[in-house]
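Trainee: Could we go through this one together? I'd like to know what stands behind each label.

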Amino acid sequence: MISLANQDNVLIPWQSERLESRERAMVRVMAKGVASTTPDGKDGEAVDTAWSEWATVEAALLDRSDWKAQFISSSKCTAVWSKDGGRKEYFRPIRLRKTFTIDSLPGRARLYITALGVYKAYLNGRRVGDEQMAPGWTSYAHRLQYQVFDVSEMLRANGVNTLAIEVAEGWYAGRLLWHEGVPCFYGEEIGALAQLEIYSLDSIDSEPSLQIFSDESWEWRESPMLASGIYDGETYDMREEEDGWADAHMPPPKSSKSASSWHKVKTLPFPQTDLLASPSPPVRVKDTISPVRIFESPSGKTLIDFGQNLVGKLVIHNLSKPSGHVLTIRHAEVLENGELGTRPLRSAKATDTITLSSKPLTEYSPHFTFHGFRYVEMSGWSRSDAECPLTTDSLSALVMHTDMPRTGHFHCSNAQLNRLHENVVWSTRSNFVSIPTDCPQRDERLGWTGDIQAFGPTAAFLFDVAGMLGNWMRDVVLDQADEGGVVPFIVPNVLKGGRDKFFWPRVPQAVWDDVVVLLPWTLYVAYGDTAILHQAYDGMKDYLTILPRADDGLLWDPDLWQLSDWLDPSAPPDNPGLSRTDGTLVADAYLTHVTRIMSRIAGILGHQDDEAHFQAQAEKLVDAFRRQYMTAAGLVVSDSQTALALTLLFNLHPSDPSGRATASARLGRLVRRANFKVSTGFAGTSAILPSLTCPSSSPSQAQQEAQNLQLAYRMLLETGCPSWIYPITQGATTIWERWDSMLPDGRVNPGEMTSFNHYALGSVATWMHAVIGGVSPGDLDEKARGDGGGGWKRFRVQPRPGGDVTSAKVDFLSRYGQVSCCWELVAAGSRFKMELIVPPNSTAVVILPDAEKTSDDRGKVVGSGRYHFECAFKQPGPWPPQPLNSGYDDFDFGKIGKTR
Ligand code: BGC
């Protein structure tokens, strides 16, 4: 028994000896403590918990030498070549299998398995596990994940068993990137690696008594899937199906065509890459959605509407047609002119094709692809078919994503805001498919770094993304090291040009590359785990060392073009980078912020020299930024929402509050002049509302602060284009890439980049959680109270009602337990009531919207428990605020002729 005498109750390092490969241990815990009624727990009674249930941990294969298996592939390459014979276009999937016998009942059995491609495994005809697109996408040259399955119950004792695997090209060998893309980015052959280890009943914890591993004794054949690609979809010829191929108990007749289709496999050289048991949850089917409507398009096509834009695939429940009958299923996110709107998919075909046999097709869904869609166009099956007509019960959509536990919920009295929040959740689900992607439907679906940099804090509230993003961050630093310290735009980095192409120059970029500092920081703030900071630390320093600086050696080199405020709504459809805010200014604002965060990270990790160095550099950067971009009064040379938002949020003004007050008033003015429309792109969108509501630190600014709070609500509730609610007025069920992906006249935006499922602009949900709902991680005022530490050890509760919102509820499952805050306005809006739950071993700083409070209220610290709060309330300012383009309404005519 190990006793730990400290207050930590999460992220306790493993206290016992290091486990060896395959070793198992059982753990249970008991906590001793006091029931605390105050933050220091002094007046509480002593309480011990009961022992928890036993939890079992088991080490995977930790050493390369544990692998006896070899990678195996088809003896004949199944690639289909381009017409001119110049390149492999795609691979026909392959099936691999091995039959073996076991003599006695196994005690335990484990299957360790991965693929060059994506795979599904079967034992005795039954699917092993329920993972989709395994082994998932990593930077394969560095790391290839394998999965571990407990198959103890799937083996046949005293008899013949079959281990079978189907492999398709996946990300490993499939086409990646836009236009014609790059096929075979990681390798020219698909294959699998499998090691089945069986322990007899009397030696469960010693050596395995039998190991079955992939080697030259296996056999292979072509799959009845003629093609299966991520962008283009899957083609299945049921007539080539071989029933029982994965189960030796149902062997095909020796004389049949199937029997002769099996050949000896070939072995492949063991790749250099690290093999690791996947640290991230797998992709799974997480939901099933029924169609809401089946209808005919103007041109007579059969269309199916699922009512929700989603990521996944169809499942056909039951269909019988004559042998040779072909079903063609095309997917798209929108309709245009009443027909399937496939133009935004660019070169991705997103089409599944099934050729039926004389047998019924039952519960069939494609194996190795996924699509981003709300609508499906079905050819070969319609509502008017005499036999087996297509109905809403004939098929469903399976929703696929990384199986991350949901942690954050939000609900308020405004239905449009609730739908907006739902859309953010759907876009998170849709773009967390093994890696964090930009979009899930067109010929990209890539790990664009800027998108997750902007959206990370929102994702880390809505879902437990520690495993998935922590895993992806490892690839960020590995791929970065390959590029001499330059963080790739996309991770896994497939912009290197694959075999012979060059897709993007190797060039550092603010906002995108900032991910190497800001995402680990986000994860630390959300989960409190310093391991992620350690692991990325060298990459962070490399980035800040190699980025090209101006002559002053501080700011970014102004000659370098920056993506910066990408997709500013004023940028023309064909030039999304042409933002109204100067790109270098945006880059420099981020650089000062990132350098400050870097100093804090260095401090947390105990690197004092680095902490001081980056602190000093950040101060110099702030000075340089002011010299370069700020007027003496506090205005900024790019007079835009993004420029002002970033300088306010990143605290770039001098400490004298007047400059900040000028900028804050100016930002309010720009918001009113824009008729409350959004004028920000990727860089400014996560900052605009928080900058309107960040505390001014000066009591004299209380009125301005209150007005800006109302402006923030007004902006969020704006329905015209561009705004967050505009897409909802157009029926959006996910967050769009562009503010106007669908134009007000119903046409799809003509720009090349027009996805209807991009999460970046959904970063506004973080403001909704923090300001409307009232909860946010860490004590933001860390100078006054000491850094709250990561992981919601100390969090802030400060609901700030405004606009027409009269109640809100936020729940968040932190590492310490459930945080819950629920408030409402009562007595005709004159009183504020709040119920709060603070989980064990954490504290909250509570600041109420008390009409009678003094403006320097620093809040009350409360420990774990349930609380009820109540106070007087009055609206922070007139509602609704007025725009600044309606004549002279705002002007005080009394001022005319008076000298001040
Ligand atoms: C992606 C974006 C990405 C951008 C950068 C686009 O194609 O979809 O989300 O960040 O390119 O250039």
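Mentor: Sure, here is a chat about the labels and the values behind them.

Mentor: First, this is a predicted model, where local features need pLDDT of at least 70, side-chain atom pairs count only at pLDDT 80 or more, and totals for chains, interfaces and linings use all residues. Residues are numbered from 1 along each chain as its sequence is written, and side-chain values use heavy atoms, with hydrogens and water left out.

Trainee: What makes a residue one of the 13 that surround the ligand?

Mentor: A residue is near a molecule if one of its heavy atoms lies within 4 Å of it. The closest here are Asp-438, Arg-442, Glu-444, Asp-451 and His-758.

Trainee: And how is that shell sorted by class?

Mentor: Ala, Val, Leu, Ile, Met, Phe, Trp, Tyr, Cys and Pro count as nonpolar, Asp, Glu, Lys and Arg as charged, and the others, Gly among them, as polar. That gives 7 nonpolar, 1 polar and 5 charged residues.

Trainee: Why does the pair between Arg-442 and the ligand count as a polar contact?

Mentor: A polar contact with the ligand is a pair of N or O atoms within 3.5 Å. A polar side-chain atom of Arg-442 sits 2.7 Å from a ligand oxygen, so the pair qualifies. For Glu-444 the distance to a ligand oxygen is 2.8 Å, and for His-758 it is 3.0 Å. Taken alone, the ligand exposes 310 Å², and the protein buries 97% of that (areas by the Shrake-Rupley method with a 1.4 Å probe).

Trainee: Why is Asn-675 called partly exposed?

Mentor: Buried means under 20% relative accessible area, exposed over 50%, and partly exposed in between (1.4 Å probe, protein chains only). Asn-675 has 28% relative accessibility, so it counts as partly exposed. Asn-675 also has a positive phi of about 55° although it is not a glycine. Across the protein, 58% of the 900 residues count as buried.

Trainee: How do you know that the radius of gyration agrees with a compact globule?

Mentor: The radius is taken over C-alpha atoms, and the globule rule is 2.2 Å times the number of residues to the power 0.38. With 900 residues the rule gives a value near 29 Å, and the protein has 29 Å, so the two agree.

Trainee: What makes a stretch count among the 16 helices or 42 strands?

Mentor: Both are DSSP runs, numbered from the N terminus: helices are H or I with at least four residues, strands E with at least two. Strand 29, residues 361–364, holds Glu-363, which has a positive phi of about 45° without being a glycine.

Technical notes: A polar contact is a pair of N or O atoms within 3.5 Å; within protein, one must be able to donate a hydrogen and the other to accept it, and residues adjacent in sequence count only if both atoms are side-chain atoms.
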